[in-house]
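Please open the model in your viewer and keep the sequence panel beside it. The tour goes from one selection to the next, with a short account of what is there at each stop.

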Amino acid sequence: MRTEALIEALFRDFEPVRPRSILRDAIILCVVGLVELLVFFATGLTRPDMHHAMYMPSFWWKMASMGVIAVSGVTVALLSADPTRSPRAGLRWLAICVAVIFAAGWLVDSMQDGFSELLKRLDWTMGIQCTWKMVALAVPSVVAMGILIRRGAPTDRLGTSLAAALGSAAWGAFVFVFACPSDDALYIAVWYTVGCGIVTLVGRSILARLFRW
């Protein structure tokens, strides 16, 4: 078979592929996030003392913190789905951002002494419940990120997976802020780290397998 005929045979059944648009992917993620928030509010899962909580500095700290991490992680992941871009620099800045956020949390926190008081503030029973709720709320974002980035061609699939999983974890925590019954900065720092850590580790492992060429 001649070379021209072979090439024609190979490409005969190919169809044009719609070019990937980062803006379109971002809009899709925004819609997914908005729908999840609306469903969350519609089900009445928000904390009953929301009006009071909005006057607490810790409420705005945790909401702003999770929002910044979510947007930053998702942005790094979407940009690195382009084979010409690496997520490494974005991940470094994201790590710095997380460190600054938790340092700010200690400034918001009112210092209290004693181990028994520490255990009381951490409230393990409520903390475990909060953790699995954050994990569940992060699932829609993880699924959406997996579908969108799979259409790209990330060259650093582990870095992209990490950014996507971290962004999704922070988004789940952001949604949960509106139902979180605690405004204790220590409690938030510990249990939000646990919840986001679980989603990040599991999500990175799953997404890294999906992002293979």
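How far is the sulfur of C180 from the closest cysteine sulfur, and in which residue does that closest sulfur lie? Select C180 and C130 together: the model is predicted, and in it the closest cysteine sulfur to that of C180 belongs to C130, at 5.0 Å, which is too far for a bond. A disulfide would need the two sulfur atoms within 2.5 Å, and by this rule the count comes to zero disulfides. While C180 is still selected, note that its relative accessibility is 0%, so the residue counts as buried.

Before moving on, colour the protein chain by pLDDT. The mean is 83, and 83% of the residues reach 70 or more. Confidence is lowest in helix 1, residues 3–11, where the mean is 61, and highest in helix 8, residues 157–176, where the mean is 92.

Next, select R47 and show its charged neighbours. R47 sits in the loop between helix 2 (22–42) and helix 3 (50–53), and it forms a salt bridge with D183, with the closest N and O atoms 2.9 Å apart. D183 belongs to the loop between helix 8 and helix 9, so that this pair links distant parts of the chain, 136 residues apart. Both R47 and D183 are buried, the value for R47 being 5% relative accessibility. Now add D49, whose side chain also meets that of R47 in a salt bridge, at 2.8 Å from N to O; D49, at 31% relative accessibility, counts as partly exposed.

Then move to R88 and D156, which form a salt bridge whose closest N and O atoms are 2.6 Å apart. Because R88 lies in helix 5 (residues 88–108) and D156 in the loop between helix 7 and helix 8, the pair ties together parts that are 68 residues apart in sequence. The two partners are unlike in accessibility: R88 is partly exposed, with a relative accessible area of 44%, whereas D156, at 14%, counts as buried. To return to the earlier stop, add K62 to the selection of R47, D49 and D183, for salt bridges that share partners join these four residues into one network. Over the structure, the count comes to five salt bridges.

The last stops concern the aromatic rings, for which a search of the whole structure finds nine pairs. Select F59 and W60, whose rings form an edge-to-face pair, 5.4 Å from centre to centre and with 85 degrees between the planes. F59 is buried, with a relative accessible area of 1%, while W60, at 39%, counts as partly exposed.

Now select W124 and W191, where the ring centres are 5.2 Å apart and the planes stand at 90 degrees, so this pair is edge-to-face. W124 lies in helix 7 (residues 124–150) and W191 in helix 9 (residues 185–210), and the pair therefore ties together parts that are 67 residues apart in sequence. Of these two, W124 is partly exposed, with a relative accessible area of 46%, and W191 is buried, with 5%.

To finish, which residues should be selected to show one aromatic cluster? The selection is F40, F41, F59, W60, W171, F174 and F178, and it takes in F59 and W60, the edge-to-face pair visited above.

Note on methods. Residues numbered from 1 in each chain as written. Predicted model: local features only at pLDDT ≥ 70, side-chain atom pairs only at ≥ 80, totals over all residues. Heavy atoms only, no water. pLDDT = per-residue confidence, 0-100. Helix = DSSP H or I, 4+ residues; strand = E, 2+ residues; numbered from the N terminus. Phe/Tyr/Trp six-rings, centres within 6.5 Å; stacked < 30°, edge-to-face > 60°. Buried < 20%, exposed > 50% of the residue type's maximum accessible area, 1.4 Å probe, protein only.
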